[in-house]
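Please take a moment with the sequence and the model below before reading on. The paragraphs after it are meant to be followed with the structure in view.

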Amino acid sequence: MTSRTVYLFCSAAPPVFEVATVIEALQARGWDVCLGLTPTAASWLEESLSGLATLTGHPVRSEYKRPGEPDVWPPADVILFAPATFNSVNAWALGLTSSFVVGVVAEGIGKGIPTAVMPCVNAAYAQHRAFERSVTELRGMGVTVLYGEGGFVPNQPGESRPGGYPWAIALDAADALVRPRE
């Protein structure tokens, strides 16, 4: 029986195709996993959504619930947003909550839910001044941003990452952020 819940949120970046393996790794660490996707990530994984819901035991969400509808997920102990694209990181830092996952992480800051984000951007996107401002802004709000040394380091556009996306860093961050339930 798991006693802690992680909301695993993913944007549409190539590592999202590894999400089933990541869910299994989180479950092996004792997490109850609720999967949330940006609309494009949900589109990319459309054929897998039913299987991912079965794997987690919870509906996969990519849209806001309607007012008055019950919440189908247990409360989060931790939120892990990985991979997080240039668009998602910037929207979150600016408080632009048109997508479900960005809305939840924005509200999570105010609720005091420990949150980690690991971007997935190439070096060209990383040169955009808005991105560095967004990383700084999120860190200033108490978000653990796994970017730079010890986190995600951008690769050149069109290049594959040697060793792949550093999921282990993200999973370790979720473990480190968990607060014991009272």
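What follows leads through this predicted model, beginning with its sheet and ending with its salt bridges.

The sheet is open and built from five strands, which follow one another in the order S2-S1-S3-S4-S5 with parallel pairing. Its edges are formed by S2 and by strand S5, residues 144-145, each of which pairs on one side only. A convenient place to begin is strand S1, residues 4-10, which is joined by seven bridges to strand S2, residues 31-37, the two running parallel. To get from S1 to S2 the chain passes through helix H1, residues 19-28, and this β-α-β crossover is right-handed. Within this pairing, Thr5 has Asp32 of S2 standing opposite. S1 also pairs in the parallel sense with strand S3, residues 78-84, here over four bridges, and in this case Tyr7 stands opposite Ile79. Towards the other edge, strand S4, residues 115-119, runs parallel to S5 and is joined to S5 by two bridges, with Val117 opposite Val145.

Strand S1 deserves a closer look, for it is mostly covered, with seven of its seven residues buried. In a regular strand the side chains alternate between the two faces of the sheet. In S1, Arg4, Val6, Leu8 and Cys10 point one way while Thr5, Tyr7 and Phe9 point the other way, and all of them are buried.

From the strands we can turn to the interior. The largest nonpolar core holds 60 residues, of which Leu8, Phe9, Leu80 and Phe81 touch the most other members, and the largest share of this core, six residues, comes from S3. Leu8 shows what such a position looks like: when neighbours within four places in sequence are left aside, its contacts include Val19, Val22, Ile23 and Leu26, together with Val33, Leu35, Leu80 and Ala82.

Is Thr56, which belongs to a helix, buried or exposed? Thr56 lies in helix H3, residues 49-56, and because its relative accessible area is 7%, below the 20% limit, Thr56 counts as buried. Apart from neighbours within four places in sequence, Thr56 is in contact with Ile23, Gln27, Asp32 and Val33.

The charged side chains complete the picture, with a count of five salt bridges. In one of them the side chains of Arg4 and Asp175 meet at 3.2 Å, N to O, and this pair links distant parts of the chain, since Arg4 is in strand S1 and Asp175 is in helix H8, residues 167-177, 171 residues apart. Arg4 is buried at a relative accessible area of 18%, whereas Asp175 is partly exposed at 24%.

Another salt bridge is formed by Arg29 and Asp172, whose closest N and O atoms are 2.9 Å apart. Arg29 lies in the loop between H1 and S2 and Asp172 lies in helix H8, so this pair ties together parts that are 143 residues apart in sequence. Both partners are partly exposed, Arg29 with a relative accessible area of 29% and Asp172 with 43%. Arg4, Arg29, Asp172 and Asp175 are linked in a network of salt bridges.

A salt bridge within a single helix is formed by Glu107 and Lys111, both of which lie in helix H5, residues 100-111, four residues apart, or about one turn of the helix. Their closest N and O atoms are 3.8 Å apart; Glu107 is partly exposed at 47% relative accessibility, while Lys111 is exposed at 56%.

Definitions and conventions
Residues are numbered from 1 along each chain as its sequence is written. This is a predicted model: local features need pLDDT of at least 70, side-chain atom pairs count only at pLDDT 80 or more; totals for chains, interfaces and linings use all residues. Side-chain values use heavy atoms; hydrogens and water are left out. Buried means under 20% relative accessible area, exposed over 50%, partly exposed in between (1.4 Å probe, protein chains only). Two strands pair if DSSP finds at least two bridges between them. A crossover is right-handed if, with the strands pointing away from the viewer, the path from the first strand over the helix to the second runs clockwise. Contact means heavy atoms within 4.5 Å. A nonpolar core is a set of buried Ala, Val, Leu, Ile, Met, Phe, Trp, Tyr and Cys residues joined through side-chain atoms within 4.5 Å.
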